[in-house]
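Student: I am new to this structure and would like to look closely at a single part of it. Could you choose one residue, describe its surroundings carefully, and then show how it belongs to the whole?

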Amino acid sequence: MTDRHKDLIFGGLLLGLGLTWTGLVWSTIPPAFDAYSIGPRAFPLTLGFILVGLCMVLLVHRAAREHDNSGTDVPAETDTALSRRIMWLPLALITVEICAYGYLLDKIGFLLATPLVILAILALNLRCGKPKVLVGMALGVTVGCWLIFDKLMGIHLASGSWINLG
């Protein structure tokens, strides 16, 4: 199977996921109370539209580009064991981090969970070892999101059941 075929299959699966997501968001999450405010449907619906749009770009790009410059399909990697090892470890790691973030949001809230997960992602996934970068990114993203969403837009962020900072 060529890389082109893998991209077409992956793009088709993600397109189906994006369309399903968008349909479920549209049918289950209520819209805003009036036409001038952002309701609970806005952000999930926007993410669905972005996913569908990016999948369409991938599918159109890969379908239009049938061959590489030499006129033949590019074969997939021959060393599949190495390919699987390289691809599955980051996938498992980011899946664990996302699940941990969801759990921590419920238990300790946004203001504590977000910097912890950002530190984990920077240290484990990106292998960043500079303390100034770690602390700056963790605090910068957390405080920036808190200011924009909670204070500026009035969208209350998750407060924890164990620890509630606001």
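Tutor: Helices here are DSSP runs of type H or I with at least four residues, strands are E runs with at least two, and both are numbered from the N terminus. Counted in that way, the chain has five helices and zero strands, so that its pattern, read along the sequence, is α-α-α-α-α. Please keep in mind that this is a predicted model.

The part I would choose is Thr142, which lies in helix H5, the helix formed by residues 131-152. Is Thr142 buried or exposed? Because buried means under 20% relative accessible area, Thr142 with its relative accessibility of 4% counts as buried. To set this beside the chain as a whole, 20% of the 166 residues count as buried.

What does the side chain of Thr142 reach? Within its surroundings, that side chain comes to the backbone oxygen of Ala138, at 2.7 Å. If we then leave aside the neighbours within four places in sequence, the residues in contact with Thr142 are Phe110, Leu111, Thr114, Pro115 and Ile118.

These partners lead us to helix H4, residues 110-125, which packs against H5 at an angle of about 145°, the two axes being 9 Å apart. The crossing in which H4 passes H5 is right-handed. On the H4 side, the contact is made by Phe110, Leu111, Thr114, Pro115, Ile118, Leu119, Leu122 and Ala123, while H5 contributes Val133, Leu134, Val135, Met137, Ala138, Val141, Thr142, Cys145 and Trp146. Both Thr142 and Ala138, whose backbone oxygen we met above, therefore appear in this list, as does Thr114 from H4. Sorted by class, the contact of H4 with H5 holds 15 nonpolar residues and two polar ones, with no charged residues.

Another helix pair can be set beside this one. Helix H1, residues 3-28, and helix H2, residues 42-64, have axes that come within 8 Å and cross at roughly 155°, which makes H1 roughly antiparallel to H2. The H1 and H2 crossing is left-handed, and by class their contact has 18 nonpolar, five polar and four charged residues.

Finally, for the chain as a whole, among contacts with a separation of 6 or more, 61% are accounted for by residues 24 or more positions apart.

Note on methods:
Residues are numbered from 1 along each chain as its sequence is written. This is a predicted model: local features need pLDDT of at least 70, side-chain atom pairs count only at pLDDT 80 or more; totals for chains, interfaces and linings use all residues. Side-chain values use heavy atoms; hydrogens and water are left out. Buried means under 20% relative accessible area, exposed over 50%, partly exposed in between (1.4 Å probe, protein chains only). A polar contact is a pair of N or O atoms within 3.5 Å; within protein, one must be able to donate a hydrogen and the other to accept it, and residues adjacent in sequence count only if both atoms are side-chain atoms. Contact means heavy atoms within 4.5 Å. Axes are lines fitted to C-alpha atoms, for helices over the stretch in contact, and angles run from 0 to 180 degrees between N-to-C directions. Angles under 35 degrees count as roughly parallel, over 145 as roughly antiparallel, 65 to 115 as roughly perpendicular and the rest as oblique. A crossing is left-handed if the near helix is turned anticlockwise from the far one by less than a right angle, and right-handed if clockwise. Ala, Val, Leu, Ile, Met, Phe, Trp, Tyr, Cys and Pro count as nonpolar, Asp, Glu, Lys and Arg as charged, and the others, Gly among them, as polar.
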